[in-house]
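Morning, everyone. I have a few minutes, so let me put the structure up and walk through it.

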Amino acid sequence: MAAAATAATTLGRGSAPRPPTALPSPASGKPAAQGHQALLLQVLAHPDDDLYFMNPDTQHAVTAGVPLVCVYVTAGEADGVNRVPGQPLPPADKAGYSSARHQGLRQSYAAQLGLPVFTQWRTSVATLAGGHLAEVNTLEHEGRSVELVHLNLAMHTPFGRMGVPALWRERSTALSTVVSDGSPLRTAQTYDYDGLLGVLVGLFERYRPTLVHTLDPDPDIQDSDRLTRIRDSEQPGYSDHADHTAVASFTWAALARWAELTPGSPPPFTTVAFRGYYNHHWPDNLPPALLHEKAAHLVPYGGARDWRCGNAAGCGDYNVGGDRPLTNRKGWVRSTHYRYPGPRLALTEGPDGRLTAYGVIGMRAVRWRETSGSFGDPVDLGGGPLAPVLGAATLDDGRQLLFGLRLASVTGRGGANLREIVLLEQLAPDGEFRAWSGLGNPERDPVRGRRTGVPVAVTARDGRVHLFVRNAGQGISTRVRDLDGSWSPWRDLAGGPVQDGLTATVATVGTDSTGTNSTDGAEGTEGTDGTDGTDGEIHVYAAGRDTVHHWTADGPRPSTGLPVPADAIAVAGDRFYYRPPASTSLIATIGPAVSFPGYGPVAADGPYLLGRDLHGSLQLLHDGRLTRAAAGQATLDGPALRSTRRGPAAAGLSTDARPWLWRPHLPRGTDSSDGSTARKV
């Protein structure tokens, strides 16, 4: 790690002065709203964003019977040329190309519903907020449904500038829509900033989604020369398309407004923000089976010129057809990464053995308590608008600290666009909470501050609480809470570059994770530095492009020499667990090899491992024995695991924005389904 030699530096007490923003919403302690009927709504910049960046999550939800609504903000018309690789370029036809891409979406989602690709959809025109109109395509099959809502904003202004980014930035910009060939909507619309924001809020209110998929509002900083940036289709300075960022910003602003304007408690929804062109810059994290399934959904979207689909303008986005998603050097299809990774619920165990869970619903923190084997009604703890993953730490006296990444201001037209870390501190064990307080941001520049990651915290043996976040430089920054409740300034610990999804632990005497074992073809490797150190020392681990990166509270450690990870690192005692790139195998340091095929990050606590199989279902490993949860409603990313006095407990959020709790009955055999359903409120 070349950056390891850089000294940790103090950035000053808290963050630099910022424009004033509204305070976090207070912890009311009142009942929070609960979801009932699951519905997934996705907001996309272009046709195909969902297929490239949100699957397999979307497909798992549809397979589980969750109704799906996809809102496409732009027409996707680009320069109007529907390229066929290896053939002469056809004449530019923006209305035709937009129509062909719409047809490609219908073909893909028909196939995902188990129907022939040329199945006829029901088409209609919907009236939206402000009198705007949109084409809607609807298809239902065996109790499952998909709706495609096309707002069809032009991708460029009349002066050739990118349209939606200009709409987000500037006060005077107005943007026309594209009238796609064959659409039942034959009249062009005009959108300004308020018009698009109002339409998105109105769509949330109309469909009442319990789960919202968005693109990345704050992509990583990416320094590339002009030719590389053009070749990679990225905006200047950042690892994503400018349309993705602008549409995600509009979406999060609309979600915050919807939550704020809803009478009583905010509507019960949760969110997942997906990385975009970020996938090109980090190790692939989908194993072959999932990758090929994901790529297969792009094949009918791409279609072909000789298909007979019944749409005169074209039968797909031809440049995406065939094997091109798999052979494209950009590799977008090979990963599915989250902007806010980590456990969806923070779990604590009471003296009676019952669990308390903390999470984010309606962009506000909520608390659930376990009653009779499931979680009771949610209680509002405020703090909004929050990103969907909380950090947590328990003080020596049993009081709870909650940490959130707050979208303090998401405002276009030159307004403030700020992120801050916020804290909620409990007054007494199992008691009420103080008001939320701000811990600032490790970055002085608000533009860099938008890249700050999800907070992770751990309580040291001496009672101090260490807080860590990934910073804009892709290293980590920290603040420390002293025993009197005061906080140190932010410090940049250097190191990196790493992905978000940090793991913080407290060392015990004898810990040493220098060797690795793995199964399914991943070879073990001897590392040069593990978690060996002073008893009670703080350690932080994160996934880099080259190896597992390691810090103590004083700064980065020398390279671990461990194999490259695809996702976050789980730590239990003296062992690390993680999946290598593009693999179902699991790397485990020290001790015997571990067979735990699946995909995505795993959670570890004591002798237990929790993860997802290739179908997205939960599975738990203990003493070499695999226990699978009974089939049920799809779970979101980031299931949490806790080793309790009653055995392992897993918990997370479902697509209906309700928590589930699974206490497996561990089998005597080697592989079974224990029949214990993940119980929900």
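Let's start with one residue. Where is the place of Q400? Q400 sits in strand β17. Keep in mind that this is a predicted model.

Is Q400 buried or exposed? Q400 is buried, because its relative accessible area is 4%, and under 20% counts as buried. Now look at what surrounds Q400. Leaving out residues up to four places away in sequence, Q400 touches T348, Y358, A392, A393, T394, L424, E425, Q426 and F433. Pick F433 from that list. Q400 and F433 are 33 residues apart along the chain. Their C-alpha atoms are separated by 8.8 Å.

Now zoom out to the protein chain. How many helices and strands are there in the protein chain? There are 10 helices and 40 strands. The radius of gyration is 24 Å, close to the 26 Å that the globule rule gives for 681 residues, so the chain is as compact as a globular protein of that length. Along its principal axes, the C-alpha trace spans about 70 × 55 × 55 Å.

What about burial? Of the 681 residues, 62% are buried. The chain exposes about 24400 Å². Carbon and sulfur atoms supply 51% of that area. And the contacts? Take those with a separation of 6 or more: residues 24 or more positions apart account for 62% of them.

Next, the backbone. Here is the background. Most residues other than glycine have a negative phi, and most peptide bonds are trans. I have four places to show you against that.

Two are cis peptide bonds. One joins G384 and P385, with omega about 0 degrees. Find P385 in the loop between β15, residues 379-382, and β16, residues 391-394. The other cis bond runs from G496 to P497, with omega near 5 degrees. P497 is also in a loop, between β23, residues 491-492, and β24, residues 503-506.

The other two places have positive phi. D48 is not a glycine, yet its phi is positive, about 100 degrees. D48 is in the loop between β2, residues 40-44, and α1, residues 49-53. D48 is buried, because its relative accessible area is 10%, under the 20% cut-off.

Then R413. R413 is not a glycine either, and its phi is about 55 degrees, again positive. Its loop lies between β17, residues 400-410, and β18, residues 417-425. So β17, the strand of Q400, leads up to this loop. Is R413 buried or partly exposed? R413 is partly exposed, because its relative accessible area is 24%, and that class runs between 20% and 50%.

On to the empty space. Turn to the second largest pocket, with about 920 Å³ of space. It is lined by 31 residues, and the closest to its centre are A78, S233, H241, Y277 and W332. Which helices each supply at least two residues of this lining? They are α1, α3 at 94-112, α6 at 226-231 and α7 at 242-261. The largest share comes from α1, with 3 residues. We met α1 a moment ago, on one side of the D48 loop. By class, the pocket lining divides into 13 nonpolar, 8 polar and 10 charged residues.

Finally, the closed spaces. How many cavities of 30 Å³ or more does the count come to? The count is 5.

The largest cavity holds about 70 Å³ of space. It has 13 lining residues, and N152, V178, V179, S183 and L185 lie nearest its centre. Strands β5, residues 133-141, and β6, residues 144-153, each supply at least two lining residues. β6 gives the largest share, 3 residues. The lining has 5 nonpolar, 7 polar and 1 charged residues.

The second largest cavity has a volume of about 60 Å³. Its lining includes A32, A33, S265, P266, P267 and P268. Also on that list are I361, G362, R364, V366 and D380. Here the classes are 7 nonpolar, 2 polar and 2 charged. D380 falls inside the range of β15, one of the strands beside the P385 loop.

That's my tour. Over to you.

Notes
Residues are numbered from 1 along each chain as its sequence is written. This is a predicted model: local features need pLDDT of at least 70, side-chain atom pairs count only at pLDDT 80 or more; totals for chains, interfaces and linings use all residues. Side-chain values use heavy atoms; hydrogens and water are left out. Helices (H or I, at least four residues) and strands (E, at least two) are DSSP runs, numbered from the N terminus. Buried means under 20% relative accessible area, exposed over 50%, partly exposed in between (1.4 Å probe, protein chains only). On a 1 Å grid over the protein atoms alone, a cavity is a set of points where a 1.4 Å probe fits but cannot get out, and a pocket is an open set with protein on both sides within 12 Å along at least five of seven lines; lining residues have an atom within 4 Å of a point. Grid points are joined across faces, edges and corners, and a volume is the space filled by probe spheres set on the points. Ala, Val, Leu, Ile, Met, Phe, Trp, Tyr, Cys and Pro count as nonpolar, Asp, Glu, Lys and Arg as charged, and the others, Gly among them, as polar. The radius of gyration is taken over C-alpha atoms; the globule rule is 2.2 Å times the number of residues to the power 0.38. Contact means heavy atoms within 4.5 Å. Accessible areas come from the Shrake-Rupley method with a 1.4 Å probe; for residues, only the protein chains shown count as cover.
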